[in-house]
Amino acid sequence: MKVMKFGGTSVGTPQRMKEVTQLVIKSGEPVFVVLSAMSGTTNSLVEISDYLYKKNADGANEVINNLEAKYMRHVEELYTKDDVKKATCEFLKDEFNYLRSFTKEIFTSFEEKTIVAQGEMMSTNMVVNYMKEQGIKAVLLNALDFMRTDKNAEPDPVYIKEKLKAVMAENEGYQVYVTQGFICRNAYGEVDNLQRGGSDYTASLVGAAINAEEIQIWTDIDGMHNNDPRIVEKTQPIHQLQFEEAAELAYFGAKILHPTCVQPAKYAGIPVRLLNTMDPDAEGTTISNQTEYGKIKAVAAKDNIIAIKIKSSRMLLATGFLRKVFEIFESYQTPIDMVCTSEVAVSMSVDNSTHLGEIVDELKKYGTVTVDTGMCIICVVGDLDWSNIGFETRVLDALKNISVRMISYGGSNYNISFLIKEEDKRRALQSLSDNLFN
């Protein structure tokens with residue numbers, strides 16, 4: 001069985017829902033489908049929550065009414081049979097009345113997560129009703145019955161596998177199994193969500209739980225490209241990536257995929273395919289545990305980076321210095337992207353400036369601190385094992401006319417990263433494409 005995940009734009013209109021249905025039944029084999037909320041719905045639900053936090057019930061009700069009217073128009077376009085229209089309308093009316101009920105209660109983050117979850121509840125119900133109207137044997141499985149996180153807010157794969165196996169056993173013989181992406185329960189049974197990766201994460205977890213043949217992530221672009229097509233000319237889709245390569249690209253700017261969401265598939269050895277709903281016959285990108293040896297695959301960029309350098313003679317031959325420095329970043333929950341060290345200095349890059357002032361004040365206890373803002377990380381990904389002679393030279397040669405603040409190489413066999421000024425980003429990306437791919 002394959003898992004197919006469709007994002008918000010893929011189910012954003014009645015026509016797109018119909019197209020998704022055709023893609024799902026195309027193979028004729030049983031499939032497990034993960035759906036996001038209709039595009040724009042989650043933003044509206046967050047806006048409703050924002051009004052409720054501010055105790056503005058009128059504002060919340062106005063957004064609810066506008067969203068309800070939009071959904072009712074979709075019902076008229078999507079279905080042809082009156083009984084299906086009626087059933088879907090009744091379900092949606094119950095949903096929107098449920099949202100209105102929150103305007104009369106005390107509002108906290110727990111209620112917000114419940115409200116935000118309704119987007120996926122509505123989209124999955126609408127699509128399953130359409131599939132049934134078309135004579136497809138489809139069933140809706142509630143993700144809240146099997147998708148759960150542990151006390152560390154991380155997915156609980158053992159629980160998910162056990163519960164999903166039981167749910168599937170109770171619903172044997174269907175052609176299409178549909179569930180909600182993104183939403184789950186936490187360790188205390190409360191409605192929650194997977195945060196990072198959202199519906200992609202759900203698809204990966206479901207695929208691992210049912211030992212799927214393949215996990216397909218359907219979006220509106222042709223998989224991952226070897227550079228940013230918004231900036232660089234003549235980019236090409238990447239046909240194959242190793243999981244580590246995909247994670248590096250996702251972390252360093254390839255927005256099509258969140259770096260954590262492929263981990264369950266990676267550990268289960270299940271390939272992930274990135275496909276295009278607008279061009280279903282395109283090859284897309286396949287992500288697996290296989291490595292294409294001796295090949296540079298892609299370039300990505302990450303903006304809004306801050307470089308911090310701390311210089312201190314106390315660092316010379318001292319033990320514990322780096323531990324003290326890293327503990328400061330840990331205490332302010334600020335992850336570090338790149339690290340470069342010398343005998344008397346250490347440079348780091350971060351992408352979160354929330355606690356920058358406090359971090360710099362703490363670092364000044366140990367040495368002289370300088371901060372560079374407006375920086376950008378350029379990441380080159382591929383089989384960059386140190387035994388591949390000359391690969392670093394090719395990359396460096398492409399950047400010979402660019403000022404480079406930091407270089408990180410050797411921490412991974414799949415990545416070499418450069419910290420440059422944001423103003424040089426476009427020039428750097430184009431030069432790397434010209435030298436490495438064109």
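User: In this model, is Leu396 buried, partly exposed or exposed?

Analyst: This is a predicted model, and each reading below should be taken as a reading of that prediction. A residue is called buried under 20% relative accessible area and exposed over 50%, with partly exposed in between. Leu396 has a relative accessible area of 41%, so it counts as partly exposed. Its place in the chain is helix α12, which covers residues 391-398.

User: Which residues form a nonpolar patch on the surface, and which strand gives the largest share of it?

Analyst: The patch is formed by Trp386, Leu396, Val404, Ile407 and Tyr409, which together have about 510 Å² of accessible area. Strand β15, running over residues 404-409, supplies the largest share, with 3 residues, whereas Leu396 comes from helix α12.

User: How should I read the packing of two helices, and at what angle do α1 and α5 pack?

Analyst: Two packed helices are described by the angle between their axes and by the distance between those axes. Here helix α1 (residues 14-25) packs with helix α5 (residues 109-133) at an angle of about 65°, the axes being 10 Å apart, and the crossing of the two is right-handed. On the side of α1 the contact involves Met17, Lys18, Thr21 and Val24, which meet Met126, Val127, Tyr130 and Met131 of α5.

User: Arg16 also lies in helix α1; is Arg16 buried or exposed, and which residues does it touch?

Analyst: Arg16 has a relative accessible area of 15%, and therefore counts as buried. Leaving aside residues up to four places away in sequence, Arg16 touches Thr9, Ser10, Val11, Thr277 and Met278.

User: Where is Gly7, in the loop before α1 or elsewhere, and what does Gly7 touch?

Analyst: Gly7 sits in the loop between β1 (2-6) and α1, and with a relative accessible area of 9% it is buried. Its contacts, again not counting residues up to four places away in sequence, are Ser36 and Trp218. The C-alpha atoms of Gly7 and Gly181 are separated by 8.9 Å, although these two residues are 174 residues apart along the chain.

User: Turning to charged pairs, how many salt bridges are there, and what does the one between Asp281 and Lys26 tie together?

Analyst: A salt bridge is counted when a side-chain nitrogen of Lys or Arg lies within 4 Å of a carboxyl oxygen of Asp or Glu, and by this rule the count comes to 20. In the pair of Asp281 and Lys26, the closest N and O atoms are 3.4 Å apart. Asp281 belongs to the loop between β9 (272-276) and β10 (285-288), and Lys26 to the loop between α1 and β2 (31-35), so the pair ties together parts that are 255 residues apart in sequence. Asp281 counts as exposed at 66% relative accessibility, and Lys26 likewise counts as exposed, at 57%.

User: Are the partners in the salt bridge of Lys297 and Glu245 buried or exposed?

Analyst: Lys297 is buried, with a relative accessible area of 5%, and Glu245 is buried as well, with a value of 0%. Their side chains meet at 3.2 Å, N to O. Lys297 lies in strand β11 (residues 296-311) and Glu245 in helix α8 (residues 243-251), so this pair ties together parts that are 52 residues apart in sequence. The pair also belongs to a network of salt bridges that links Glu245, Glu292 and Lys297.

User: Where is Lys54 found, and which residue forms a salt bridge with it?

Analyst: Lys54 is found in the loop between α2 (41-53) and α3 (57-78), and it forms a salt bridge with Asp50, in which the closest N and O atoms are 2.8 Å apart. Lys54 is exposed, with a relative accessible area of 57%, while Asp50 is partly exposed, at 38%. The C-alpha atoms of Lys54 and Ala282, residues that are 228 apart along the chain, are separated by 47 Å.

User: Finally, what is the phi of Ala153, and what is that of Lys234?

Analyst: Ala153 has a positive phi of about 65° although it is not a glycine, and it is found in the loop between β3 (138-141) and α6 (157-170). Lys234, also not a glycine, has a positive phi of about 60°. Lys234 is found in the loop between β7 (214-219) and β8 (240-242), and its relative accessible area of 64% makes it exposed.

How values were computed:
Residues numbered from 1 in each chain as written. Predicted model: local features only at pLDDT ≥ 70, side-chain atom pairs only at ≥ 80, totals over all residues. Heavy atoms only, no water. Patch = residues over 30% accessible without salt bridge, like charges linked within 9 Å, V, L, I, M, F, W, Y side chains within 5 Å. Areas by Shrake-Rupley, 256 points an atom, 1.4 Å probe, with all protein chains shown as cover. Helix = DSSP H or I, 4+ residues; strand = E, 2+ residues; numbered from the N terminus. Buried < 20%, exposed > 50% of the residue type's maximum accessible area, 1.4 Å probe, protein only. Axes fitted to C-alpha atoms, helices over the stretch in contact; angles between N-to-C directions. Left-handed = near helix turned anticlockwise from the far one by under 90°. Contact = heavy atoms within 4.5 Å.
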